[in-house]
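Here's a set of exercises to work through with the model open on your screen. Try each task before you read its solution.

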Amino acid sequence: MKNLLSLGGNPVHTFGITLSVRFLVLPLPVMSALIHAARRWLPLCLLAFALCAAQSAHAGTTYRFGGPKVDNCKQDKKVYTCTAFPLTAWDDAMIIENGYTVDFTISVTFGYNHSLTMSGNARLTSSGDLHIGDIRPSGTLISGGSFQAGGKFTIGNQNQKITADITAGSMQLGSGSQLEITGVINASGPVAIASHARINGPITGSDITTSSPVVLNGKIDAKNGRFTLASGSTVNGDVTALVADLLASNSVVTGKVTATQTLTLGSSVTVNGNVDTGVLTLQSSEAIIKGTAIVDRADLFWHGRVAELIECRKGATVSDCSCVNNQSGYPFNSTLGPKCGQVRPPEPSPLNHFRIEHDGEGRTCAPETVTIKACANANCTEYYKGGAQVTLLPGGPTVNTGSTGVVSAQLSNNKPGDVSLALTQNGSKPTFSCFIGATSSCTMKFSSGVSFEIVAPDHRAGESAGATIRARELDPATGQCAAAFRGETKSIAYSCRHMTKSSDQQGLSVTGVLTKASATLRCDTGGAGAVSTKFDATGKADLTLNYKDAGTLNLKAEFEDASGEDPFTVAPSAFLFSDLPTTFVRAGDTFGLTVKAVNVAGDVTPSFDKTLLGSGATNTALSVACVAKGAEGKLAAAGVEFNKGIASASLSWSEVGSMDVKAKLDKFLGSGIDVEGTTAGNGNGCLAKVGPFIPKYFQVDGPIAAPGAARAFYYAGEPIPVTVTAMNAHGGVTTNYSTANSLSAAVTLTAFDTPQGTENPGSGVLKATAVPASAFSAGMASARPEYWPAGATPIAVKGLVLRAASSSGVAPVTSADGKGTYEKARPDVHSGRLRIGNAFGRAGDTVGMPVEAHYWTGKSWLFNQTDNATVIPAGAFAQLPYAKGGGAGGPQVVPVGKDLKIEGGRATLERTGDKAGWIDVALNLGVDKKVLACGNASYPDSTGAQLAYLRLPAGCRDPSARAVFGEQSPENRRIIHMREVFN
């Protein structure tokens with residue numbers, strides 16, 4: 001071993017590079033050659049090591065945004081505006097200090113070895129996309145601050161954890177690795193949250209979608225779109241969406257779920273709070289809502305449960321479950337089953353104090369409007385909505401703050417000077433405050449002189465509405481208010497302003513009734529117009545107002561130092577419909593239409609807009625106005641809100657036929673004016689212009705056994721009792737599908753081995769396949785198809801799929817979906833036969849002839865012990881007597897006394913012989929009187945048993961046997977050998 005060299009495995013450190021040298025054992029000549037080569041190449045190796053070391057020792061540049069100048073970035077105090085990404089090297093770092101903002105005018109993408117540090121109120125923004133998802137976890141040092149991206153924001157391709165608020169056009173949060181964000185998430189577009197993400201804070205987006213699983217600790221707001229929660233996820237907060245899909249399984253939402261259109265809970269999904277939605281679907285199985293549910297319709301499938309009450313919006317009386325399709329397996333009003341009634345409204349926030357808001361100035365002899373708020377907290381940012389009745393002082397009315405917590409009231413004072421505003425409630429003074437703008441003050445200064453009292457009525461857009469202006473002043477002699485400008489004509493300066501936001505460019509037309517003088521006032525600018533106004537002897541003048549848009553306006557009149565004003569509301573004249581479906585719609589499927597809010601002339605009122613008028617102001621209910629034929633059914637339609645006077649509605653109807661849709665808005669902006677319209681056009685009655693609607697599919701149920709008679713299978717050729725039901729897309733019956741309404745169509749039944757398989761399996765053929773249109777009543781029809789052998793060979797088919805389809809009517813309807821979902825009739829079908837056994841006995845005795853039912857297994861005939869349904873009529877038996885030794889004159893033939901019922905596959909036919917001889921008995925299984933038995937062809941006619949499906953297909957088709965009297969059975973002779981064989 002002296003010629004071997006051994007190198008240890010200890011690490012070697014050279015120029016900052018660590019080499020791990022493994023044990024090396026070589027022969028001495030080889031080692032000498034390697035040493036010689038090393039001497040030649042050592043200088044080059046050392047140079048290479050030095051270069052590598054220099055490269056590895058490079059340290060990236062740190063760009064600190066906290067005061068110092070940064071290249072390509074313009075600094076304005078604490079805001080850096082950058083036109084290029086400063087991190088040019090692969091391992092550069094960026095630090096944004098507390099209170100500083102870095103604003104990129106380009107899209108920005110960070111690399112894996114970059115570093116980003118933020119804290120406090122640091123802010124990073126981009127006019128384009130902002131991608132920080134590729135930064136390694138150790139380089140993501142974000143303990144506070146905020147991000148904003150005009151485009152897409154991306155984070156979480158690594159196991160990142162940050163604390164920051166994020167605002168963007170759209171977001172991709174995570175890529176499947178661990179991500180945790182603590183902060184507010186706000187996107188104008190979609191938000192996609194990858195699996196294993198945890199978001200601690202509220203999330204807002206047009207559509208919010210998660211992968212499986214995630215944890216969301218905060219409120220979810222996708223009110224204008226869809227929220228999709230993937231399997232195994234948790235939401236600790238309320239959910240608001242247009243459509244909410246909580247996918248199977250084992251997801252949990254701890255808060256309230258509000259889904260304007262639809263809410264779907266997959267298998268084993270739990271909502272611990274209340275729900276408020278249009279169409280609620282609890283899928284099979286164990287989908288559970290532990291609170292209450294307010295719905296337009298609820299579909300509860302297997303073991304779907306709502307623990308508390310379900311309120312049907314169109315019902316809400318005790319036990320009114322008309323909107324509930326209960327297929328949960330739990331009966332109504334049982335412990336686990338659905339219970340219906342009126343859901344108790346949530347308790348209002350408690351009353352903290354009242355607040356009076358006013359402008360600080362009033363006029364004697366003129367009403368002055370103030371606003372009274374019932375405050376639920378100290379700074380009055382929340383209102384008490386339980387309704388509080390107060391009286392405004394001095395001389396004001398008694399008003400109720402109602403369900404909004406805010407009410408307007410008018411007071412008047414006939415003496416000039418300062419007055420202190422106050423309130424009383426139930427005879428005592430409650431806690432209140434007063435404000436003029438942001439200034440705390442309860443003092444209102446009243447000035448004397450002429451004042452105007454204007455009464456401008458609420459009216460409909462585009463119609464001419466009569467208004468009045470009354471001039472009044474204080475009479476010094478009496479101290480009472482008296483008429484002014486009696487019999488005079490004055491040029492009054494009228495102006496108007498929008499009290500609600502408006503897109504109107506037309507203005508308000510004001511006309512003096514007596515003078516015919518008029519002016520068009522631009523309410524958006526508050527511009528004034530002079531109108532010659534003639535006052536009568538009582539100081540009153542009549543005006544005509546005309547405004548072609550919608551909203552609340554304030555009309556003001558001024559003359560010298562006299563003034564007065566009055567707000568009024570102009571509601572749309574009606575709703576008009578357009579873009580109705582031009583072809584058929586399947587019941588329960590979504591269809592769309594357009595609703596327009598119009599004035600008297602039929603022009604759209606663009607200020608009827610949810611953004612301009614505020615949340616809920618345009619929320620209009622859609623319902624069924626009338627039905628051409630049949631029941632009204634259920635219209636699933638969320639209340640629509642309008643954009644510039646137009647709304648696109650998405651609806652579904654549970655029934656078939658045609659109908660009209662009605663849109664109605666009650667008491668627009670509190671005016672007391674209801675706005676409504678139907679698809680028939682206002683005043684045109686019922687034209688049923690929406691439709692036709694046809695069934696979504698047929699469902700084939702059965703076969704249905706007789707009470708107490710379970711059926712393992714049906715005989716080939718035996719009528720199979722099934723039910724064909726016309727269904728809507730939500731699994732409900734379309735009860736209008738009936739011959740009484742002329743809405744049903746003829747249906748044909750077919751048979752398959754599987755939903756996607758072969759028609760007429762096992763060499764069979766389906767007969768009695770026609771279900772006439774007249775068979776349908778309330779959406780259901782009974783049918784009795786028969787599956788026969790196509791030839792003489794018996795058949796055995798397991799799980800025969802029965803399919804229903806119509807080719808007549810508006811469009812084809814079928815039960816087929818390629819999966820067999822709606823083809824629930826799956827009978828086993830076997831050829832069958834009856835056998836009668838011979839019997840022997842003494843003359844004068846009664847013998848029992850065994851009757852047995854058999855079925856074809858596919859290989860052989862087997863006793864059918866499950867037959868408890870076959871009944872043989874007494875008149876179906878044919879009998880011939882024979883004397884001993886042959887010939888006529890045998891035992892007396894007595895008719896079979898009663899029908900023979902097969903039980904457990906067997907029955908016994910008792911026959912009595914009064915003398916020696918025999919009686920041949922045959923069973924006519926057919927439909928006529930002809931007996932098709934073997935042997936003696938002279939059987940008398942008998943009533944057919946109507947059991948032709950138990951006849952053999954050829955040969956001796958009807959069973960027969962012999963009852964012998966006066967001889968012993970051959971089986972009683974001495975038996976030498978017996979062997980039993982079972983098939």
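**Exercise 1. The cavity.** Which residues line the largest cavity?

*Solution.* Before starting, note that this is a predicted model, where local features need pLDDT of at least 70, side-chain atom pairs count only at pLDDT 80 or more, and totals for chains, interfaces and linings use all residues. Residues are numbered from 1 along each chain as its sequence is written, and side-chain values use heavy atoms, with hydrogens and water left out.

Step 1: pin down the term. On a 1 Å grid over the protein atoms alone, a cavity is a set of points where a 1.4 Å probe fits but cannot get out, and lining residues have an atom within 4 Å of a point. Grid points are joined across faces, edges and corners, and a volume is the space filled by probe spheres set on the points.

Step 2: search. One cavity of 30 Å³ or more turns up, and the largest cavity holds about 40 Å³ of space.

Step 3: list the lining. Its residues are Arg-711, Ala-712, Phe-713, Tyr-715, Asn-864, Thr-866 and Asp-867.

Step 4: sort them. Ala, Val, Leu, Ile, Met, Phe, Trp, Tyr, Cys and Pro count as nonpolar, Asp, Glu, Lys and Arg as charged, and the others, Gly among them, as polar. That splits the cavity lining into three nonpolar, two polar and two charged residues.

**Exercise 2. The largest pocket.** Find which strand gives the most to the lining of the largest pocket.

*Solution.* Step 1: a pocket is an open set of grid points with protein on both sides within 12 Å along at least five of seven lines. The largest pocket has a volume of about 1400 Å³. Of its 40 lining residues, Thr-369, Thr-371, Ser-408, Met-499 and Pro-567 are the closest to the centre.

Step 2: look at the strands (DSSP E runs of at least two residues, numbered from the N terminus). Those that each supply at least two lining residues include S41, S44 (406-411) and S60 (562-571). The winner is S60, with six residues.

Step 3: check the chemistry. The lining has 10 nonpolar, 19 polar and 11 charged residues.

**Exercise 3. The runner-up.** Describe the second largest pocket in the same way.

*Solution.* Step 1: the volume is about 1100 Å³. Of the 26 residues that line this pocket, the closest to its centre are Thr-260, Ser-615, Asn-619, Gly-639 and Glu-641.

Step 2: strand S66 (646-653) is one of the elements that each supply at least two residues, and S66 has the largest share of the lining, with five.

Step 3: by class, count nine nonpolar, 14 polar and three charged residues.

**Exercise 4. Disulfides.** Work out the handedness of the Cys-365 and Cys-481 disulfide, then compare some others.

*Solution.* Step 1: count pairs of cysteine sulfur atoms within 2.5 Å, which is the rule for a disulfide. You get nine.

Step 2: the sulfurs of Cys-365 and Cys-481 sit 1.9 Å apart. The torsion about their S-S bond is about -95 degrees, so this disulfide is left-handed. The two cysteines are 116 residues apart, with Cys-365 in the loop between S40 and S41, and Cys-481 in strand S53.

Step 3: check burial (buried is under 20% relative accessible area, exposed is over 50%, partly exposed is in between, with a 1.4 Å probe and protein chains only). Cys-365 is buried at 5%, and Cys-481 is buried at 19%.

Step 4: turn to Cys-434 and Cys-442, joined at an S to S distance of 2.0 Å. Their torsion is about 90 degrees, so the bond is right-handed. Cys-434 is buried at 1%, whereas Cys-442 is partly exposed at 24%.

Step 5: Cys-934 and Cys-956 are joined too, with S to S at 1.0 Å.

**Exercise 5. A small sheet.** Why is one side of S43 and of S46 left without a neighbour in the sheet?

*Solution.* Step 1: the order in this open, antiparallel sheet is S43-S42-S46. Two strands pair if DSSP finds at least two bridges between them.

Step 2: S43 (398-400) and S46 (422-424) stand at the edges with a single partner strand each, so one side of each has no neighbour.

Step 3: zoom in. S42 (residues 389-393) pairs with S46 over three bridges, and Thr-391 stands opposite Thr-424.

Conventions. Helices (H or I, at least four residues) and strands (E, at least two) are DSSP runs, numbered from the N terminus.
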